[in-house]
Amino acid sequence: MTTLHIEAEPGTIADTVLLPGDPLRARFLAGALLAAPHQINARRNMLGYTGQYNGQRVTILGGGMGIPSTAIYVTELARGFGVRTIIRVGTCGGIGDVAVGDVLLAQSGSTDSRFNRMQFGGHDLSACADFGLLQRAVQAGQAQGLSVRVANVFSTDCFYDGDPEILRLLHKHRICGIEMETAGLYGLAMREGFQALAILAVSDHLETGATMPAIEREQGLVRIAKLALASAIQ
Ligand SMILES: O=P(O)(O)O[C@H]1O[C@H](CO)[C@@H](O)[C@H]1O
Ligand SMILES: O=c1cc[nH]c(=O)[nH]1
């Protein structure tokens, strides 16, 4: 069936979905990596494509910014289309000894969002990656000669004007990446029973001010998408 936000026809979404935040990144990655990609969604311009990668069907769909947007797409992918594996292919801010361009494999997602608490009786959920995906991403990263780092990240609802103490707190807890979706994705994966991982390129450094150009955020993430595909497809 189609869902409220995904107009894809039944059977046109693969079991494995790469989920960048930016729909234009989804379009770029599909063109760069998939054989015979065809568009499966444009509702609200949240572009999505299904094609073949190494002989297997893969879908790449934008998820938007923040947990609420991501959760809409992820919930519909899991419940409406039976998707079994979702890998976020995103960017994050770096804290501490990470550099712009580094690749973080998020093993956990802490958050200031109430999204998981609302589903978990007000308790704190340990929102974690799927271990098998994480392990394969580490191995694939090493095989591809990438400098990958297993990391704990923080998903915030406030891109601007969040907790003024957040940098100190993230340092104190050895959290080296900040973005806006991973904790929600991992909570949903635990509840809905699919596998999830977030692979994040450090796009800017919160302390040094170093940044990745906007065009590279849109088009420069092919290497982490390849890492995601190597982790998901065996
Ligand atoms: O590059 P994406 O995947 O969108 O991820 C990061 O970029 C957006 C903010 O600019 C947020 O969605 C954040 O999580
Ligand atoms: O959410 C994000 C993404 C990149 N950089 C940040 O500081 N925050």
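# Getting to know the chain: how the labels are earned

Modeller: The chain has 8 helices and 9 strands; helices (H or I, at least four residues) and strands (E, at least two) are DSSP runs, numbered from the N terminus. This is a predicted model, where local features need pLDDT of at least 70, side-chain atom pairs count only at pLDDT 80 or more, and totals for chains, interfaces and linings use all residues. Residues are numbered from 1 along each chain as its sequence is written, while chains are lettered from A and ligands numbered from 1 in the order in which they are written.

Biologist: What makes the chain as compact as a globular protein of that length?

Modeller: The globule rule is 2.2 Å times the number of residues to the power 0.38, and the radius of gyration is taken over C-alpha atoms. For 234 residues the rule gives 17 Å, and the chain has 16 Å, which is close, so the chain is as compact as a globular protein of that length.

Biologist: Why is S203 called buried, A35 exposed and H5 partly exposed?

Modeller: Count the other C-beta atoms, placed from the backbone, within 10 Å of the residue's own: 20 or more means buried, 12 or fewer exposed, and in between partly exposed. S203 has 22 such neighbours, so S203 is buried. A35 has 10, so A35 is exposed. H5 has 17, so H5 is partly exposed.

Biologist: And where do these three residues sit?

Modeller: A35 is in strand 2 (residues 35-41), S203 belongs to strand 9 (residues 195-205), and H5 lies in the segment before strand 1 (16-19).

Biologist: Which residues is A35 in contact with, beyond its neighbours within four places in sequence?

Modeller: Contact means that two C-beta atoms, placed from the backbone, lie within 7 Å. By that test A35 is in contact with G51 and Q52. H5, with the same neighbours in sequence left aside, has contacts including R43, Y73 and E76.

Biologist: How do you know that the UniProt "binding site" positions do not all gather at one spot?

Modeller: The unreviewed UniProt entry places that feature at H5, E179, M180, E181, S203 and D204. These positions span 200 residues in sequence, and the farthest two C-alpha atoms are 30.8 Å apart, so they do not all gather at one spot. UniProt positions are given in the numbering used here, with feature names shortened, and annotations may be inferred rather than shown by experiment.

Biologist: Which residues surround ligand 2?

Modeller: They are T91, C92, G93, F159, I178, E179, M180, S203, D204 and L206, each with its C-beta atom, placed from the backbone, within 6 Å of the ligand. Strand 5 gives the most to this shell, with 3 residues.

Biologist: What makes strand 5 mostly covered?

Modeller: Of its 10 residues, 10 are buried.

Biologist: How do you know that strand 5 pairs with strand 9 and with strand 8?

Modeller: Two strands pair if DSSP finds at least two bridges between them. Strand 5 and strand 9 have 10 bridges, in the parallel sense, and G94 is partnered with H205 in strand 9. Strand 5 and strand 8 have 2 bridges, in the antiparallel sense, and there G93 is partnered with I178. Strand 5 also pairs with strand 1 in the parallel sense, over 4 bridges.
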